[in-house]
Amino acid sequence: SRHEYWEQLFRSPDPWQYSSAYEQEKYERQLSLLPERPIGEALELACAEGHFTRMLAPRVQRLIASDISTTAVARAAERCSAQRNVEYRRLDFIADALPAPLDLIVCSEVLYYLPDLDTLARLGERIAHVIKLEGLDNGCYLFHGISFVNLGRGLVSRCAPQKVFWR
């Protein structure tokens with residue numbers, strides 16, 4: 001199962017070398033994409049062991065850090081124990097309901113693990129239905145292959161060139 005696969009991966013701590021130059025630069029670039037204004041409710045999909053969570057938490061009022069692996073969620077909670085605005089949750093974002101409403105959803109380096117484009121498209125639709133449209137800046141937010149664009153008329157999630165969803 002998906003859950004067993006990720007539990008096996010997190011059997012050993014730090015499976016992706018989170019302190020590497022690559023990971024640190026990626027975290028900084030992701031943070032630079034966020035608006036300067038405070039962000040209300042945020043969801044981090046696949047938070048892993050909480051390295052980016054620790055950096056994101058000061059930028060939001062409330063953060064739900066989620067992962068399919070209970071081991072990863074426990075490590076994230078331990079790493080970020082000083083962050084009082086973070087809730088930790090085991091979440092299989094393919095099967096489980098997404099919390100709502102949200103001002104921000106971060107899904108970094110996880111979407112390419114989805115089994116096919118149809119699953120990706122369904123997730124894009126689900127994300128479009130839980131994200132708040134009020135107060136979003138007009139602009140494009142790109143996170144590893146999926147862009148979310150607010151054009152003033154609603155959110156567009158482009159899951160693949162042939163699949164565009166309007167809300």
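A salt bridge is a side-chain nitrogen of Lys or Arg within 4 Å of a carboxyl oxygen of Asp or Glu. That term will come up again in the exercises below.

This is a predicted model, in which local features need pLDDT of at least 70 and side-chain atom pairs count only at pLDDT 80 or more, while totals for chains, interfaces and linings use all residues. Residues are numbered from 1 along each chain as its sequence is written, and side-chain values use heavy atoms, with hydrogens and water left out.

**Exercise 1. Take stock of the chain**

Find how many helices and strands the protein chain has, and what share of its residues is buried.

Solution.
- Step 1: Helices (H or I, at least four residues) and strands (E, at least two) are DSSP runs, numbered from the N terminus.
- Step 2: By this count the protein chain has 5 helices and 8 strands. Read from the N terminus, their order is α-α-β-α-β-α-β-β-α-β-β-β-β.
- Step 3: Buried means under 20% relative accessible area, exposed over 50%, and partly exposed in between (1.4 Å probe, protein chains only). Of the 167 residues in the protein chain, 47% are buried.
- Step 4: A contact means heavy atoms within 4.5 Å. Among contacts with a separation of 6 or more, 57% are between residues 24 or more positions apart.

**Exercise 2. Build the sheet**

Work out in which order the strands of the 4-stranded open sheet lie, and which strands stand at its edges.

Solution.
- Step 1: Two strands pair if DSSP finds at least two bridges between them. Strands of a sheet pair through backbone hydrogen bonds, either parallel or antiparallel.
- Step 2: Strand 1 (residues 39-45) pairs with strand 2 in the parallel sense over 5 bridges, and A42 stands opposite L63 in strand 2.
- Step 3: Strand 2 (residues 60-67) also pairs with strand 3 in the parallel sense, over 5 bridges. Here L63 stands opposite V86 in strand 3.
- Step 4: The order of the open sheet is 3-2-1-4, with parallel pairing. Strand 3 (86-90) and strand 4 are at the edges with a single partner strand each, so one side of each has no neighbour in the sheet. From one strand to the next, the twist averages 20 degrees.
- Step 5: Now look at the cover. Helix 4 (residues 70-79) packs on the sheet and touches strand 2 and strand 3; its direction makes about 165 degrees with that of strand 3. Such angles run from 0 to 180 degrees between N-to-C directions, with axes as lines fitted to C-alpha atoms, for helices over the stretch in contact. In strand 2, 6 of the 8 residues are buried.

**Exercise 3. Trace the salt bridges**

Find which residues the network around E87 joins, and which parts of the chain E109 and K26 tie together.

Solution.
- Step 1: The structure holds 9 salt bridges.
- Step 2: One of them joins the side chains of E109 and K26 (2.8 Å, N to O). E109 lies in the loop between strand 4 and helix 5 and K26 in helix 2, so the pair ties together parts that are 83 residues apart in sequence. K26 is buried, because its relative accessible area is 12%.
- Step 3: E87 and R62 also meet in a salt bridge (2.6 Å, N to O). This pair links E87 in strand 3 with R62 in strand 2, 25 residues apart.
- Step 4: E87 has a second partner, R89, with the closest N and O atoms 2.7 Å apart. R89 is partly exposed, since its relative accessible area is 27%.
- Step 5: Through shared partners, salt bridges join E41, R62, E87 and R89 into one network.

**Exercise 4. Visit the loops**

Find where the cis peptide bond is, and which non-glycine residues, among them Q17, have a positive phi.

Solution.
- Step 1: The cis peptide bond joins A100 and P101, with omega about -5 degrees. P101 belongs to the loop between strand 3 and strand 4.
- Step 2: Q17 has a phi near 55 degrees, positive in a residue other than glycine. This residue sits in the loop between helix 1 (2-9) and helix 2 (21-33), and Q17 counts as exposed because its relative accessibility is 54%.
- Step 3: E109, also not a glycine, has a positive phi of about 50 degrees.
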